[in-house]
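Me: I would like a close look at one part of this model, with the cut-offs stated as you go. Please begin with the core and then work outwards.

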Amino acid sequence: MKVPEAPEVGVDEILKKAFRYWSKTLVYQLVFSMLYLSIFLFVLMFFATEYGLLDQYISALSKSKEGLEVYEKEILKITENPNFITFYYIMLATTVFLFPLNIGFFKIYRKMDLGEKPELNDLFAGYMGVNFFRFVSFYLFWLIIFSYTAPTIFLGMMWILITLFTAPLMFFMDKRIFESFTLNFHAIKKYTLLIFVGMLVSFVFKIVGMMTIVLLPFTFPFTNAMIYTLYMQVFREHKGEIII
């Protein structure tokens, strides 16, 4: 029996749905941001102070009035600090550890679609059982590849695109990382404009939040709502199989 194709929707409808998911979960957005940012900033400040990097950075800022060249030299001294590489890996590990917190939004949005009431505990779905190891491994792998591709900009963007739906595919359909690449590629090929506009709006919305500071705790995790909305439009789950 042939499965009927999902009805096409416009960019405006995708944006409305994403903002609807986001606006109905503002409490969860706030909890997410408070947890994520407080843990990240605590680790950052603690080890930056412990390794003397914070004092070096403050010194660099004080000398920035002397010119950009002087400031750049002071920043270079920070990277030459023997503790800098250790600090870098600690912050990398912290970022990887915090990534599964994003997965909870996929569970929350799915429960909303099913007419079920989300709970605060759903936010930690990415840390439950084997999920933690799967998503931590995925994000560590993602960051390693991204660190090599980002300087080229184009390859960095391509890496983001071919892994855009990997997390929800792993969470909902139990797909493996490499298995998701082909699905991502076909999705981008078929819905190029929809995905591009959706992610562009998501990026701009997050930047606006960063500029206003006050809105940051609410806009910081908005990308999850956009990815889930696009995922639900681009992919169809049918008897354990995924259809594009």
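Of the 52 residues in the largest nonpolar core, which touch the most other members?

Reply: The model is a predicted one: local features need pLDDT of at least 70 and side-chain atom pairs count only at pLDDT 80 or more, while totals for chains, interfaces and linings use all residues. Residues are numbered from 1 along each chain as its sequence is written, and side-chain values use heavy atoms, with hydrogens and water left out.

Phe 165 and Phe 235 touch the most other members of the largest nonpolar core, which has 52 residues. The most is given to this core by helix α13 (residues 222-234), with eight residues. Another core, of seven residues, lies apart from it and includes Leu 53, Ile 78, Phe 87 and Ile 90. A nonpolar core here is a set of buried Ala, Val, Leu, Ile, Met, Phe, Trp, Tyr and Cys residues joined through side-chain atoms within 4.5 Å. Buried means under 20% relative accessible area, exposed means over 50%, and partly exposed is in between (1.4 Å probe, protein chains only). Helices (H or I, at least four residues) and strands (E, at least two) are DSSP runs numbered from the N terminus.

Helix α13 deserves its own paragraph. Twelve of its 13 residues are buried, so α13 is largely enclosed by the rest of the structure. Among those buried are Phe 222, Met 226, Ile 227, Tyr 228, Leu 230, Tyr 231 and Val 234. The buried set in α13 also includes Thr 223, Asn 224, Thr 229 and Gln 233. As for its length, the expected span of a helix is 1.5 Å times one less than its number of residues. For the 13 residues of α13 this gives 18 Å, and the end C-alpha atoms are 19 Å apart, which agrees.

Now the setting. The protein has 13 helices and two strands, and its C-alpha atoms fill a box of roughly 70 × 35 × 35 Å along the principal axes. Of its 244 residues, 39% count as buried. Among contacts between residues at least 6 apart in sequence, 70% join residues at least 24 apart; contact means heavy atoms within 4.5 Å. Leu 30 is a case with partners distant in sequence: this residue of helix α2 (residues 26-50) touches Pro 217 and Phe 218, leaving out residues up to four places away in sequence. The C-alpha atoms of Leu 30 and Pro 221 are 9.0 Å apart, with their positions 191 residues apart in sequence. Leu 30 is partly exposed, at 33% relative accessible area.

On the outside, the protein exposes about 14100 Å², of which carbon and sulfur atoms supply 70%. Accessible areas come from the Shrake-Rupley method with a 1.4 Å probe, and for residues only the protein chains shown count as cover. Phe 196, Leu 200, Phe 203, Val 204, Ile 207, Val 208, Met 210 and Met 211 make a nonpolar surface patch of about 800 Å². Patches are made of residues with over 30% relative accessible area and no salt bridge; like charges are joined within 9 Å and nonpolar side chains (Val, Leu, Ile, Met, Phe, Trp, Tyr) within 5 Å. Within this patch, Phe 196 belongs to helix α11 (residues 192-212) and is exposed, with 53% relative accessible area.

The charged pairs come last. Side chains of opposite charge can pair when their charged atoms come close. A salt bridge is a side-chain nitrogen of Lys or Arg within 4 Å of a carboxyl oxygen of Asp or Glu, and the whole structure has seven salt bridges. In one of them, the closest N and O atoms of Lys 63 and Glu 74 are 3.6 Å apart. Lys 63 lies in the loop between α3 (53-62) and α4 (68-79) and Glu 74 in helix α4, so the pair ties together parts eleven residues apart in sequence. Lys 63 is partly exposed at 29%, whereas Glu 74 is buried at 11% relative accessible area. Beyond its neighbours within four places in sequence, Glu 74 contacts Ser 59, Ala 60 and Lys 63. Lys 63, Glu 74 and Lys 77 form a linked network of salt bridges.

Lys 73 and Glu 69 also pair, at 3.8 Å from N to O; they are four residues apart in helix α4, and therefore separated by about one helical turn. Lys 107 and Asp 122 meet at 3.6 Å, N to O. That pair links distant parts of the chain, 15 residues apart: Lys 107 is in helix α6 (residues 103-113) and Asp 122 in the loop between α6 and α7 (130-149). Lys 107 is partly exposed at 33%, while Asp 122 is buried at 3% relative accessibility.
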